[in-house]
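Me: I'd love a close look at one part of this model. Could you pick one helix and walk me through how it sits among its neighbours?

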Amino acid sequence: MSQFSAFFKENAAVDITQEIVVSERFKDEDGKPILWKIQGISEERNKDIRKSCTKTQKGKGGMKVPEIDPDDYTTKLVLESVVYPNLKDAELQENYGVVGADNLLNKMLLSGEFATLLEKVQELNGYDQDINKVMEETKN
């Protein structure tokens with residue numbers, strides 16, 4: 001196999017998932033924290049999420065300027081990445097008295113727990129690298 005063929009889609013790793021502890025509050029029968037399962041998403045799907053979170057605002061001189069809602073974007077990025085628990089499960093949503101995976105996530109997690117989950121989702125999707133470090137490595 002040539003080095004170039006390593007980039008062919010059939011040779012790329014497909015299952016980019018990770019199990020993480022998001023909260024110490026959710027425990028199994030043995031008292032151990034239950035692991036959440038997250039997955040990486042493609043840039044194609046990320047663009048769809050960004051687009052769904054972008055609204056047009058009036059700028060200077062009446063020009064329309066696209067603006068991304070960062071809270072909406074991060075929530076949708078996390079929702080797209082969480083595999084387990086199934087946040088779309090109607091019984092789980094009903095238990096928390098909410099409708100919708102986004103509302104469930106907001107009700108279910110403490111703010112620091114959401115931040116931990118977001119950080120792990122970003123890392124899994126490649127956002128954990130310092131851009132300056134990457135640029136320096138690319139130069140060398």
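Reply: Happy to; here is a walk around helix 4 and its surroundings. Please keep in mind that this is a predicted model.

Helix 4 covers residues 101–108. Its buried residues are Ala 101, Leu 104, Leu 105 and Met 108. Viewed down the helix axis, these buried residues fall within an arc of 100°, so they line one face of helix 4. What do they pack against? Their partners are strand 2 (35–39), helix 2 (70–81), helix 3 (90–96) and helix 5 (111–124).

Let's take helix 2 next. In general, a pair of packed helices is described by the angle between the axes and the distance between them. For helix 2 and helix 4, the axes come within 10 Å and cross at roughly 100°, so the two helices are roughly perpendicular to each other. Helix 2 brings Thr 75, Val 78 and Leu 79 to this contact, while helix 4 brings Ala 101, Asp 102 and Leu 105. By type, the residues of the contact divide into four nonpolar, one polar and one charged.

On the helix 3 side, Gln 93 is a good residue to select in your viewer. Gln 93 lies in helix 3, and its relative accessibility is 10%, so Gln 93 counts as buried, the cut-off being under 20%. Setting aside neighbours within four places in sequence, Gln 93 touches Ala 101 and Leu 104, and its other contacts are Leu 87, Lys 88, Val 98, Val 99 and Gly 100. Ala 101 and Leu 104 are also among the buried residues of helix 4.

Technical notes: Residues are numbered from 1 along each chain as its sequence is written. This is a predicted model: local features need pLDDT of at least 70, side-chain atom pairs count only at pLDDT 80 or more; totals for chains, interfaces and linings use all residues. Side-chain values use heavy atoms; hydrogens and water are left out. Buried means under 20% relative accessible area, exposed over 50%, partly exposed in between (1.4 Å probe, protein chains only). Helices (H or I, at least four residues) and strands (E, at least two) are DSSP runs, numbered from the N terminus. The arc is that of the directions from the helix axis to the C-beta atoms. Contact means heavy atoms within 4.5 Å. Axes are lines fitted to C-alpha atoms, for helices over the stretch in contact, and angles run from 0 to 180 degrees between N-to-C directions. Angles under 35 degrees count as roughly parallel, over 145 as roughly antiparallel, 65 to 115 as roughly perpendicular and the rest as oblique. Ala, Val, Leu, Ile, Met, Phe, Trp, Tyr, Cys and Pro count as nonpolar, Asp, Glu, Lys and Arg as charged, and the others, Gly among them, as polar.
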